[in-house]
Amino acid sequence: MSDATTADLDVRLEKHRTELTGYCYRMLGSSFEAEDAVQDTLVRAWRGYASFEGRSSMRSWLYRIATNVCLDMLTAGNKRARPMDLTASTPLAQAALTPRADTVWLEPVPDARVLPATDDPAEAAVAKESVRLAFMAALQELPPKQRAVLILREVLAWRASEVAELLDTSVASVNSALQRARATLADSARTGADAAVSDPLDEEQQKLLERYVAAFEGYDMAALTALLHEDAVMTMPPFDLWLTGPRDITGFMSTLGAACAHSRLVPVEVNGLPGFAHYKPDPDAGGYMPWAVQALEISAGRITGLHCFLDTKRWFPLFGLPLHLEAESDGVEERP
């Protein structure tokens, strides 16, 4: 290929990166594995472009490659989970912080990396719902090919004939796989856990978040208790501990989590949910150090889920977040 042709192909391939990353993320449950899968997809496409005969659109061709890459990565049967998928809730009196390997956990992802820009509000809402943590956890229960069928049909709105062609199977097989996948998701109570988050957030939800920030930064446990649903859960991957109910959640924050008093929260968009980058006081350097990326689930005017992803060395760079906040001003500054 000439230099001009190569440059043109690079541009044509690159414009699909965000939607492919969203697809691979839904398939794999891992932000970093999704990016690896997309990079592999684009490299394969670039190398194989001479054999691409244009019998389908480039987009369909790329999805075929991406699907094969993801299915290859899932052959070991690995699936991502949340703490509540692996263990029972732990009473505060028995709370212990036991970490598990990174490969166990369903990972958070910045909205901008997986949600392509669209002028269609309905399309945007579906896209956000399809990367929310509860739905992602339910997807992980599906066998890989059923997962692909459900994402392509229900999230991306492909026709059954298009999916059948992509997977080299029959329309009947696609419809059967979709029916089984729907049945599995219908049996999962998790899929609707955060469906009450509106897009964009309504006034009540915005005020709830403002009250949450004030309560958390002030470490006011009484105020925080008033914002939590009676069945609210708190998770803290990579630890498998998870807590249920305002009493245990605020009790943990007042004891084992007491070092988080006087923290600061910076808004982020994570998994189609409202979220925050949590910085806690840095006793050595002054200012604030990164501690967690929080994703909040909301329903009926209360917080139902507080999911804190603690591996800051991975998550803060992924979200483009600074690694230090200065105490002297409200500006966000990165300390070299």
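These entries record what I looked up on the pocket, the cavities and one hairpin of this structure.

I worked with a predicted model, in which local features need pLDDT of at least 70, side-chain atom pairs count only at pLDDT 80 or more, and totals for chains, interfaces and linings use all residues. Residues are numbered from 1 along each chain as its sequence is written, and side-chain values use heavy atoms, without hydrogens or water.

**Pocket.** I looked up the largest pocket (an open set of points on a 1 Å grid over the protein atoms alone, with protein on both sides within 12 Å along at least five of seven lines; lining residues have an atom within 4 Å of a point). Its volume, the space filled by probe spheres set on the points, is about 480 Å³. I found 26 lining residues, with Leu115, Pro116, Thr118, Glu123 and Ala127 nearest the centre. Helix 2 (17-28), helix 4 (58-73), helix 6 (111-114) and helix 7 (121-129) each give two or more residues to this lining. Helix 2 supplies the largest share, six residues. Helices are DSSP runs of H or I with at least four residues, and strands are runs of E with at least two.

**Cavities.** I then searched for cavities (sets of points where a 1.4 Å probe fits but cannot get out); two reach 30 Å³ or more. The largest has a volume of about 90 Å³, and its lining includes Trp105, Phe309 and Trp315. The second largest has about 50 Å³.

**Hairpin.** I noted that strand 3 (264-270) pairs with strand 4 (273-281) in the antiparallel sense over seven bridges; pairing requires at least two DSSP bridges. Glu269 has Pro274 as its bridge partner. Between the strands lie two residues, and Asn271 takes a positive phi near 50°.

Notes. Buried < 20%, exposed > 50% of the residue type's maximum accessible area, 1.4 Å probe, protein only.
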